[in-house]
Amino acid sequence: MSKPNIAIYPGSFDPITLGHLDIMERASRLFDKLIVGIGVNLEKTAMFTPEERMEHIRLSTMHLPNIEIRTFSGFAVRFVEQCGANIMIRGVRPITDIPAELTMMMANRTLSNNVETLFMIADGELAHVSSSLIKQIANLATHQEFSKFLPAVVIPFVEEKVQKLSRSPLF
């Protein structure tokens with residue numbers, strides 16, 4: 001019996017960007033099933049709850065029938081194993097992410113020699129896009145400007161969140 005052709009794409013996806021979506025679309029063509037794992041990163045301040053992020057990814061990937069979305073906590077490599085997979089997809093930006101991702105890949109190998117990491121770089125014009133960038137420009141970006149970085153279905157959620165946060169006394 002052959003092992004299912006499953007890959008896991010873990011991340012915070014807060015919010016999902018066009019770069020994330022590009023990786024999801026391409027990885028979904030390479031594997032029978034792609035599980036997108038939404039993890040909690042304690043080092044990052046979340047804009048959206050894990051449930052909201054699940055919904056944004058679901059809406060953004062409706063055209064991809066072989067994607068499943070789950071949440072997880074703890075080590076991503078353990079999540080990969082719990083899903084019955086041995087491939088972890090990591091989207092990387094060429095200049096900024098590679099040193100940290102290589103370090104994480106080596107740590108994951110120490111934790112599990114059964115999981116291989118596959119690095120994918122988003123297409124050229126998306127290689128600089130990150131959720132952190134979206135948070136940095138959120139107060140200033142117009143709908144049209146957001147459309148260069150975010151899936152169209154996610155833009156209203158980001159705009160609504162920015163409006164709510166701008167009314168908050170802590171923002």
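The chain carries 17 positive and 18 negative side chains. The centres of these two sets lie 3 Å apart. The structure is a predicted model, and the values below were computed from it.

The accessible surface of the chain amounts to about 9,600 Å². Carbon and sulfur atoms contribute 57% of that surface. Of the 171 residues, 44% are buried.

Seven helices and five strands make up the secondary structure of the chain. Their order along the sequence is β-α-β-α-β-α-β-α-β-α-α-α. The pattern thus opens with a strand and closes with three helices in succession.

Overall dimensions were examined next. The C-alpha atoms fill a box of roughly 55 × 30 × 30 Å along the principal axes. The radius of gyration is 16 Å. A compact globule of 171 residues would have a value near 16 Å, so the chain agrees with that expectation. Contacts across the sequence were also counted. Among contacts with a separation of 6 or more, 75% join residues 24 or more positions apart.

Aromatic side chains were then considered. The structure holds two aromatic pairs. One of them joins Tyr9 and Phe13 in an edge-to-face arrangement. Their ring centres are 5.1 Å apart, and the planes meet at 80°. An angle over 60 degrees counts as edge-to-face, which is why this pair is classed that way. Both partners are buried: Tyr9 has a relative accessible area of 4%, and Phe13 has 2%. Each value falls under the 20% cut-off, so both residues qualify as buried.

The other pair is formed by Phe72 and Phe79. Here the rings are stacked, with 4.4 Å between centres and 15° between planes. The angle is under 30 degrees, and the pair therefore counts as stacked. Phe72 and Phe79 are likewise buried.

One loop residue was examined individually. Ser130 sits in the loop between strand E5 (116-121) and helix H5 (131-137). Its relative accessible area is 11%. This is under 20%, so Ser130 is classed as buried despite its place in a loop. Setting aside residues up to four places away in sequence, Ser130 touches Thr17 and Arg93.

Conventions. Residues are numbered from 1 along each chain as its sequence is written. This is a predicted model: local features need pLDDT of at least 70, side-chain atom pairs count only at pLDDT 80 or more; totals for chains, interfaces and linings use all residues. Side-chain values use heavy atoms; hydrogens and water are left out. Helices (H or I, at least four residues) and strands (E, at least two) are DSSP runs, numbered from the N terminus. The radius of gyration is taken over C-alpha atoms; the globule rule is 2.2 Å times the number of residues to the power 0.38. Buried means under 20% relative accessible area, exposed over 50%, partly exposed in between (1.4 Å probe, protein chains only). Contact means heavy atoms within 4.5 Å. Accessible areas come from the Shrake-Rupley method with a 1.4 Å probe; for residues, only the protein chains shown count as cover. Lys and Arg count as positive and Asp and Glu as negative; His and the chain ends are not counted. The place of a charge is taken as NZ of Lys, CZ of Arg, CG of Asp or CD of Glu. Rings of Phe, Tyr and Trp (its six-membered ring) pair if their centres lie within 6.5 Å; planes under 30 degrees apart count as stacked, over 60 as edge-to-face and the rest as tilted.
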